[in-house]
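Let's take a walk through a protein together, one step at a time. Keep the picture in view and look for each residue as its name comes up.

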Amino acid sequence: MPTCWLLSDAGLHQPIHLPHSHPVILGRGPETTIKDKKCSRQQVELKADCNKGYVKVKQLGTNPTFIDSAVVGTGNEYKMKPGQQLYIVNRLYPYTIQFKYGSTGNHGVPKRPRDSTLEDRESQLEAPKTKASKQTEKVAVSGSHTEAKKTTESVGHWSQGLKVSMQDPKMQVYKDDKVVVIKDKYPKARYHWLVLPWQSIPSLKALGSEHNDLVKHMQKVADQMVRQCPDASSLGFRTGYHAIPSMSHVHLHVISQDFDSPCLKNKKHWNSFTTDYFINSQDVIQMLETNGRVAVKEGVTELLKLPLFCHKCHKELNTIPALKDHLKSHIPHR
DNA sequence: GTTCTAGAAC
DNA sequence: GTTCTAGAAC
């Protein structure tokens, strides 16, 4: 990972290190040598992302901080990339950022804490005990070292897990010539299935009007799963897609609305099923039919950070345990 | 996607 | 002190 440096273009001082993911607050003070009263002591917060190659610039002070000719604005945050110029306040005190890669000597470049062994990696596989995955593993190690790593990472990477699971007969609860249904490995409710097409479609973005019939069929199969569920009418169900799923391969969630599951653990889990991050299957079908593509709104990722609201009564809960406790009150008991 | 854990929140 | 979250590592 490179290191990030903030350079004073006016040569006021030596470069300031911006450690990855650690906010650095700058303003009037000895560090910048800025004495201008218009500049707050805490004028800007800078947070470098050395992997993605940008710095998040947040204006904390009242007077305007600029990135190139644009005002950031108090409380606002913008991504600044190399080549852009930051003016700490009032188009004064120009700065640029630079990402530096370690020298070939690799001095001070942090190493991974431990090497992941084959056993480690195998235990992360979706279905470690299937013949298929064992075999890929064996093929992989028989190659050269680097080749082996490449192979195992592409097929064994967690984001590819659904491709493995859907092929495993033990996981399949339904299949036909177009789709397969599996139980979600980490169900977020009492009933949680995934409908996957056999055809390899990485994500919603890859869907076009040629997939109209396929997504309709996926919905039909989803409805069929709901119908055969004995608790469908009491719990309620939703069928839909995550706007930006973590797992590759298009998958339709069929999930009961109790959200009673030990696998539901954090805000992202909750908001991904209870905000507009969850796109109803019907909406996907309609978008595809009318526009020939699925529109994913910009900034949906922000929805995952929203406070926790009950999906039934919209009460706000402060913590996940409090939410889970509250959810119990909505579960019908016989 | 999950797990792990540092440190924030209580 | 414990609980809980959020970010990094996997």
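Is Phe259 buried or exposed? Before you answer, keep in mind that this is a predicted model. In this model Phe259 has a relative accessible area of 2%, so the residue is buried, given that anything under 20% counts as buried.

Now let's see what Phe259 has for company. A search through the whole structure turns up six aromatic pairs. One of them joins Phe259 to Phe273: the ring centres are 6.2 Å apart, and the planes make an angle of 50 degrees, a tilted arrangement. This pair links distant parts of the chain, since 14 residues separate the two partners. Phe259 sits in the loop between β15 (252-256) and α7 (267-274), whereas Phe273 belongs to helix α7 itself.

Phe273 is also buried, because its relative accessibility is 4% and the limit is 20%. Its ring has another partner in Phe278: here the centres lie 5.7 Å apart with 45 degrees between the planes, so this pair is tilted too. Phe278, with a relative accessible area of 4%, is buried as well. Put the pieces together and you find one aromatic cluster, made up of Phe259, Trp270, Phe273 and Phe278.

Stay with helix α7 for a moment. Its buried residues are Trp270, Asn271, Ser272 and Phe273. At the N-terminal end of the helix, Asn266 acts as a cap, with a side-chain oxygen 3.1 Å from the backbone nitrogen of Lys268.

Next, follow the protein to the DNA. Which residues surround DNA strand B? They are Trp158, Tyr186, Lys188, His242, Pro245, Ser246, Met247, Lys265 and His269. By character, this surface divides into four nonpolar, three polar and two charged residues. Turning to the DNA side, 52% of the strand B atoms within 4 Å of the protein belong to sugar or phosphate, and the rest belong to bases.

Some of these residues place polar side-chain atoms beside the phosphates. For Lys188, such an atom lies 2.9 Å from a phosphate oxygen of DNA strand B. For His242, the distance to a phosphate oxygen is 3.1 Å. In the case of His269, an N or O atom of the side chain is 2.7 Å from a phosphate oxygen of the strand.

Another stop is Gly292, in the loop between α8 (281-291) and α9 (300-303). Gly292 is partly exposed, because its relative accessible area of 25% falls between the limits of 20% and 50%. Leaving aside residues up to four places away in sequence, Gly292 touches Leu207, Gly208, Ser209 and Met287. Asn212 is 80 residues from Gly292 in sequence, and their C-alpha atoms are 8.4 Å apart in space.

Toward the end of the chain, an unreviewed UniProt entry places a feature called "domain: C2H2-type" at residues 308-334. Over this stretch the chain is 30% helix and 15% strand, and 28 Å separates the C-alpha atoms at its ends.

Finally, step back and take in chain A as a whole. The chain contains 10 helices and 18 strands. Of its 334 residues, 43% count as buried. How much of the contact network joins residues at least 24 apart in sequence? Among contacts between residues at least 6 apart, the share is 52%.

Conventions:
Residues are numbered from 1 along each chain as its sequence is written. Chains are lettered from A and ligands numbered from 1 in the order in which they are written. This is a predicted model: local features need pLDDT of at least 70, side-chain atom pairs count only at pLDDT 80 or more; totals for chains, interfaces and linings use all residues. Side-chain values use heavy atoms; hydrogens and water are left out. A residue is near a molecule or strand if one of its heavy atoms lies within 4 Å of it. A polar contact is a pair of N or O atoms within 3.5 Å; within protein, one must be able to donate a hydrogen and the other to accept it, and residues adjacent in sequence count only if both atoms are side-chain atoms. Ala, Val, Leu, Ile, Met, Phe, Trp, Tyr, Cys and Pro count as nonpolar, Asp, Glu, Lys and Arg as charged, and the others, Gly among them, as polar. Rings of Phe, Tyr and Trp (its six-membered ring) pair if their centres lie within 6.5 Å; planes under 30 degrees apart count as stacked, over 60 as edge-to-face and the rest as tilted. Helices (H or I, at least four residues) and strands (E, at least two) are DSSP runs, numbered from the N terminus. Buried means under 20% relative accessible area, exposed over 50%, partly exposed in between (1.4 Å probe, protein chains only). Contact means heavy atoms within 4.5 Å. UniProt positions are given in the numbering used here, feature names are shortened, and annotations may be inferred rather than shown by experiment.
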